[in-house]
Structure formats: C-alpha cells, structure tokens
Amino acid sequence: MAGPRAREACIPGWCSVITPIREIPAEIRSMGHEDIGQVSDIERRSYEFPWSHGVFRDCLLAGYHCIVVVREDAVVGYAILSVAAGEAHILNLCVDPKFRELGYGERLLDEILKVAHHAEVREVFLEVRPSNEKAIALYRKKGFRQIANRPAYYQAMDGREDAAVLAKTLKKGR
C-alpha cells in the first residue's frame, strides 16, 4: 500500500529523514445539543470571558447556523452564523487551542461562507479583537475588510478592548 514517502533533509552539518505525519480526517457537520458540552469546554480554554453553555443552547434554539468540526469523534472547533435581512453575522468561530494552525479554522470559515452564500446574503459581518492577529490574517485572506471599530466592545482583564468590525461582500453566483 502506497503512503506518504519519507524524504531526506540535509542542512550543512546535519541530516535527517523527514517522515510525513498521516493526515487525520475531520468532518464538518451541524452542531447538536449533544455537542454543547465539548463546545463549551473549547470556549473556556480559548477565552478569558467565554460564552456560557446557555448561550450556545440558545443559538441552537434560535435556529442559527451552528457547525462543528469533528476529528476522531471529538469536536475540535465550531462556528455560529446568524442570517437576517439579507445579511449574515459570524457570531463565533473558534478552534480548540490544541488543534490550531492545522487548517480547521479556515475550513469552518469556508463552510460558514457557503451557508451565507446559499442563504443569498449580500454581506457577511463579524467582530474580532485587534489583538487576534492570526484570526485577522485568515479573515483578510478570505476577502474580509475592516469597515469600523467598536470601542470597548469586549470585556478584558484590564477593562475593555475594542472590536474591529470586518465585512465581506458576497457576489451572486459565487
């Protein structure tokens, strides 16, 4: 059976064999009530002021588009999208700190943007902490632009932190 091939990497004075790590499959699916415990755990590990279990439950009950990315039967990330009046708002998008920088955030964002496109929204909005540089880089890569600043939007250990408001215009047929 053919699999990833090892290759030799040589740096002057040092050589080794690099063996690719097997890609672990992950699926994106709708969030269910049974996922809220794992989602809440990720939220608590990710933020100083996390959403409560009840907020996630209310998002499901309100009919928001809630999705999770699952790897080896464990939720490793989630996203929540509200759609109304021709607009969409990404309310939350988070990946477990142990699984960041593996592409799960981008996969969640791509999926949530597909949902927005199928709902025929004109524009997608979100707020992000200006200190969250990696998230901002991902959003910019996906075509979001900053349109405003919300002063003192987020609770922070030393008071409040502003939010950068980002938007992406969706084109029909794309």
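Tutor: Let's start with a term: a helix here is a DSSP run of H or I with at least four residues, and helices are numbered from the N terminus. Keep in mind that this is a predicted model. Just after α2, Gly-63 takes a positive phi of about 85°.

Student: And what makes Tyr-64 a loop residue?

Tutor: Tyr-64 sits between α2 (53-61) and β4, in the loop that links them.

Student: Why is Tyr-64 called partly exposed?

Tutor: Its relative accessibility is 33%. Buried needs under 20% and exposed needs over 50%, so a value in between earns the label partly exposed. As for its contacts beyond neighbours within four places in sequence, Tyr-64 touches Cys-59, Ile-80, Leu-81, Ser-82 and Leu-91. That last partner is 27 residues away along the chain, with 9.5 Å between the C-alpha atoms of Tyr-64 and Leu-91.

Student: What makes that a contact, with the C-alpha atoms 9.5 Å apart?

Tutor: Contact asks for heavy atoms within 4.5 Å. The 9.5 Å is a separation of C-alpha atoms, whereas the contact between Tyr-64 and Leu-91 rests on heavy atoms.

Student: Back to α2. Which of its residues are buried, and what covers them?

Tutor: Gly-54, Phe-56, Cys-59 and Leu-60 are the buried ones. Their cover includes α1, β4, β5 and β6.

Student: Why is Cys-66 not counted in a disulfide?

Tutor: The nearest cysteine sulfur, that of Cys-59, is 5.4 Å away. A disulfide needs the two sulfurs within 2.5 Å, so this pair doesn't qualify. In fact the structure holds zero disulfides.

Student: Are Cys-66 and Cys-94 buried or exposed, and what makes them so?

Tutor: Cys-66 has a relative accessible area of 6%, and Cys-94 comes in at 3%. The cut-off is under 20%, so both count as buried.

Student: What about Val-76: buried or exposed, and why?

Tutor: Val-76, in strand β5, has 2% relative accessibility. That is under 20%, so Val-76 is buried. Setting aside sequence neighbours within four places, its contacts are Ile-42, Val-69, Arg-71, Val-95, Asp-96, Phe-99 and Tyr-104. The C-alpha atoms of Val-76 and Phe-99 are 6.7 Å apart, with their positions 23 residues apart along the chain.

Student: What makes a set of residues a nonpolar core?

Tutor: The residues must be buried, of the listed nonpolar types, and joined through side-chain atoms within 4.5 Å. The largest such core has 29 residues, and those with the most contacts inside it are Ile-90, Leu-109, Val-124, Val-128, Tyr-139 and Phe-144. Helix α3 gives the most, with seven residues. A second, separate core has 14 residues, among them Val-39, Cys-59, Leu-60 and Val-75. In soluble globular proteins, nonpolar side chains tend to be buried together.

Student: Which residues does Leu-109 touch?

Tutor: Apart from neighbours within four places, Leu-109 contacts Ile-90, Leu-93, Leu-138, Tyr-139, Lys-142 and Phe-144.

Student: And the largest pocket: what makes it a pocket and not a cavity?

Tutor: A pocket is an open set of points, whereas in a cavity the probe cannot get out. The volume of the largest pocket is about 980 Å³. Of its 33 lining residues, Tyr-47, Leu-93, Asn-132, Ala-135 and Tyr-139 are the closest to its centre. Strand β6 supplies the largest share of the lining, seven residues. By type, the lining splits into 19 nonpolar, seven polar and seven charged.

How values were computed. Residues are numbered from 1 along each chain as its sequence is written. This is a predicted model: local features need pLDDT of at least 70, side-chain atom pairs count only at pLDDT 80 or more; totals for chains, interfaces and linings use all residues. Side-chain values use heavy atoms; hydrogens and water are left out. Buried means under 20% relative accessible area, exposed over 50%, partly exposed in between (1.4 Å probe, protein chains only). On a 1 Å grid over the protein atoms alone, a cavity is a set of points where a 1.4 Å probe fits but cannot get out, and a pocket is an open set with protein on both sides within 12 Å along at least five of seven lines; lining residues have an atom within 4 Å of a point. Grid points are joined across faces, edges and corners, and a volume is the space filled by probe spheres set on the points. Helices (H or I, at least four residues) and strands (E, at least two) are DSSP runs, numbered from the N terminus. Ala, Val, Leu, Ile, Met, Phe, Trp, Tyr, Cys and Pro count as nonpolar, Asp, Glu, Lys and Arg as charged, and the others, Gly among them, as polar.
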